[in-house]
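Hi everyone, thanks for making time for this. I'd like to walk you through one model, from the overall layout down to a few single residues.

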Amino acid sequence: MFWSKFFIPTVKETPHDAVVPSHVLMIRAGMLRQTVAGAYAYLPLGYRVLQKVTAIIREEMNRAGGIELNMPAMHPIELWEETGRVETMGSTLIHLPDQPWRRGTVLGPTHEEIVTDIARAYINSYKQLPINLFQIQTKFRDEHRPKSGVLRTREFLMKDAYSFDTDKAGLDTSYTKMYEAYCRIFGRCGLPYIAVEADSGPIGGDASHEFMVRTDAGEDYLVRAEDGSYAANVERAEMLPIADAGCDAQNEISEVHTPNVTSIEQVSKLLGCKPEQMIKTIIFQHDDGLLVALVRGDHEVNEAKLRRMSQVSGLAAATPEQIEKLTGADVGFAGPVKLEARVIVDQAVTVMHNAITGANKSEHHITGVNPGRDFEIKETGDIRYAVEGDSAPNGSPLIFEKCIEIGHVFKLGTKYSDAMKATFLDQNGSAKSFVMGCYGIGANRIVAAAIESSHDESGIIWPIRIAPFSVLICALDHRDENVMATATKLHDALEASGVDVLLDDRDARPGHKFKDADLIGVPVRVTVGKRGLGDGIVEIKSRSSDEVAKVAPDAAVGHVDRLISSLAPSA
RNA sequence: CGGGGCGUGGCGCAGCUUGGUAGCGCGCCUGCUUUGGGAGCAGGAAGUCGCAGGUUCGAAUCCUGUCGCCCCGACCA
C-alpha cells in the first residue's frame, strides 16, 4: 500500500475531549472519529487493526471447534420477555419505538435469547451435542455514561460464543476449551492479560473468569497476591481473615449524644476515633424481608458476597422508611445492639472490641460495644470488599490494580434453556434442558487495551500481529529516482512475500514522515534516503527500540523478515 | 440521574467581564525556495459564533429556554 493512495488523517494536536491515551492516540493516528457519544467510525487504519483482531479471534474459535453464524441486532422483545431480562437489563436495553410493521423491537446487547431460540428450533437430540456457536457482531447497550474513547461505548463489536452440552461435565469441557482459546487469542494479540476469577453476578452459573489488561484508564479493579499465588476481580476477591488483636479490658456500653452526624467520617471526627473502630450497620431489603449487614467502618459491603451468603433474592438497599421502622431512629443511627432482624456479621467485625455504633435512637451512638457480648453473632462470613492492607488467602499481601475487561467466560447452566424451554431428547428419550456456557470478547477493547499497554510519548507501539501494517518504508527523498525506485522495489518484494507493508511516498519532509511513523506505530520501519543509498545502505529499525541496522538494499527483505519473526510472540 | 466544564472555519484556541467591522495557530489551495525528526516566504479559500426565543438602534458577547459533547459520581449481562 502507498501512503499517498491510502487515507490516514493524522493530526498534530490532541483532541480537546480525549483524555485516556488510547483515545488520544487513535484519533491522532487517524484511526478513529467519534460520530455521537458512544459510537465511533473506524477509519481505514483503525479498521485494519480491528480486522486483524477479529481474524485472530475467528481462527482460534474455529480451531477450538466453534461454528460461526450471524445473528441480527434487531430482536423481538418477546424473546427477552421469556427470560425476564427486559426487567433485569433495565435501561441498558435499547428499545426501538413502535413501527408500523412491528411493536416491541430491541437492539441486542447480547444474544443468549436469540441463540437459545435457534437451538430449541433445530437441536432436538443429544446426538447433535455438544455444539458451540459463535459470531462476531455489533452489540448495542445504552450505557449511561460512555467514556474513555473506545473503552466504553454504546455500540461495539463483540465476539460472542454459546456452548450447548448435554450435562455439566460436557459444559466443563466446553468451558475449558474456550478458556484456553482465549489465552491463545490474547497472547497472539500481544496483550499482557491476566485471567481472574470473576463474580458471575445475576447472570448466574457457578464459574466465571474475566480476562483483564492492566491500565489506569480501566474501570475495574483486579486484586492479586504479591507472590503471584492469587488473582481475582475485586468483586470476588477473597482475603485472609483478620486476626483478633485482643484487648485489655472490655468497656461498658455508654451512650453519647451525636447530633447532626450520620456518616462514619463525621462520627469519627466528633468522637475522635478512627473509622476502623466503628461498626457500620447497613440495612437491605429483599424479596422476603429485611437483612442487616455489619462491616467495619472503613470497609464496604460487597453485595455480591452478601447475596451469595444470605441466599436471598432481590437484594437492594432498604428505603429510609424501612430503616426508620426497623431501628426506631432516623437514618444514620442504626446499630446491632438490641436490633430485631436477621444480621450477617462480617468476619472483621467479629474481632472488634470496644467499638462504636449507632444507638437505634436518633442523634445518639454507643461506645464500648463488644460483638458477641452486646449482640449475638449468628451468621458470619466474608461480606466485604478487600482493601489495601488485606492479604490473600495464603497470607501474601494483596495488590490492587486498575484494569479493563477484554473477555469473559461464563458457565450458564440451564438458566436460559429452562426459561425458554429449550430441550433435547437424551438417550432415554426424555427431554432435558441444554447446559449452556457463554463466552464474550470485546474486539474494540482489545485494540484500545493494546494501545493502553504499549505506547510512548511519540505514539503507538503495535504488537506486530495486530499492527495495521507490519512494515513502514519511509522514502525520504520524494523526487529522487533512485530512492523511489529502491523503496518501491522493496515494497513490492515484501508485499509479494505476504508482508503488510506501507510505503510513505508522500511529498513531505523527513521530520514529518518520522513523526507520523512513530505516531501510527508500525512495528518495523525501513528508511530509504539519498544519504543512506549514497553509502549503499537502507536503515531498518523496530518501533520499540532505538537500534538501527544498516543493510544493503538487496539484503533488506531478509533482514525485515527476521525482525518480524523476532517481534512475533510464539503463541 | 446528581455535580462540574465546554460548544466560535476540518482540528486546537482567543474574543464574552465592559454589546459596535469575527481573530490567531495548525491543516487546506497557488507559487517560489527548502528536504534526515512536524520547513520558510508571498498570495488565497473556508465560519448561520450549537439551536430557539428575548432585551437592544445593534448580540459571539446580556437574559431565558433547549440540544450536544467531555469529566467526576451513581449505574454497568
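I'll start with the whole chain, then move to one sheet, the RNA strand, and a few local details.

First, please keep in mind that this is a predicted model. Chain A contains 16 helices and 31 strands. If you lay the C-alpha trace along its principal axes, chain A spans about 95 × 65 × 50 Å. Of the 571 residues in chain A, 41% are buried. For those of you who like contact maps: take the contacts in chain A with a separation of 6 or more, and 71% of them are between residues 24 or more positions apart.

How is chain A divided into domains? Domain 1 is made of two stretches, 15–237 and 400–451. Domain 2 covers 254–381, and domain 3 covers 469–567. Between the centres of domain 1 and domain 2, taken over C-alpha atoms, there are 38 Å.

Now let's go to a sheet. It is an open sheet of 5 strands with mixed pairing, and the order is β28-β27-β29-β30-β31. Which strands stand at the edges? Those are β28, residues 501–504, and β31, residues 548–551. Each has a single partner strand, so one side of each is left without a neighbour in the sheet. On average, and ignoring direction, neighbouring strands here are turned by 20° against each other.

Let me take the pairings at the two ends. On one side, β27, residues 471–475, runs parallel to β28, and 4 bridges join the two. If you want a pair to click on, C474 has D504 in β28 as its bridge partner. On the other side, β30, residues 538–542, runs antiparallel to β31, also with 4 bridges. Here I540 stands opposite A549 in β31. The link from β30 to β31 is a hairpin through 5 residues. As a reminder while you look at side chains, in a regular strand they alternate between the two faces of the sheet.

Two helices lie over these strands. Helix α13, residues 481–496, lies across β27, β28 and β29, and runs at about 170° to β27. Helix α14 also lies across β27, β28 and β29, again at about 170° to β27.

Please remember α14, as it brings us to the RNA. Which element supplies the largest share of the surface near RNA strand B? That is α14, with 8 residues. Both α14, residues 510–520, and α15, residues 530–534, supply at least two residues of that surface. There are 42 residues around RNA strand B, and the ones that come nearest are H16, A37, P510, G511 and G529. By residue type, the surface near RNA strand B divides into 13 nonpolar, 15 polar and 14 charged.

Next, one residue I'd like you to zoom in on: Y182, in helix α6, residues 168–188. Is Y182 buried or exposed? Y182 has 27 C-beta neighbours inside 10 Å, and the cut-off for buried is 20 or more, so Y182 counts as buried. Setting aside neighbours within four places in sequence, Y182 is in contact with F211, G407 and V409. For the pair Y182 and F211, the C-alpha atoms are 8.3 Å apart in space, while the two residues are 29 apart in sequence.

Last, some backbone geometry that you may want to check yourselves. Most residues other than glycine have a negative phi, and most peptide bonds are trans. Where does a cis peptide bond turn up? One joins L129 and P130, with omega about 0°. P130 is found in the loop between α5, residues 112–122, and β7, residues 131–140.

There are also two positive phi values to show you. N354 has a phi near 50°, and N354 lies in the loop between α10 and β18. With 17 other C-beta atoms within 10 Å, N354 is partly exposed. The other residue is E363, with phi near 65°. E363 lies in the loop between β18, residues 355–358, and β19, residues 364–369. E363 has 16 C-beta neighbours inside 10 Å and so counts as partly exposed too.

That's my tour, and I'm happy to take questions.

Methods. Residues numbered from 1 in each chain as written. Chains lettered and ligands numbered in written order. Predicted model: local features only at pLDDT ≥ 70, side-chain atom pairs only at ≥ 80, totals over all residues. Near = placed C-beta within 6 Å. Nonpolar A, V, L, I, M, F, W, Y, C, P; charged D, E, K, R; others polar. Pairing = 2+ DSSP bridges. Axes fitted to C-alpha atoms, helices over the stretch in contact; angles between N-to-C directions. Contact = placed C-beta atoms within 7 Å. Domains from an automatic or database assignment. Buried ≥ 20, exposed ≤ 12 C-beta atoms within 10 Å, placed from the backbone.
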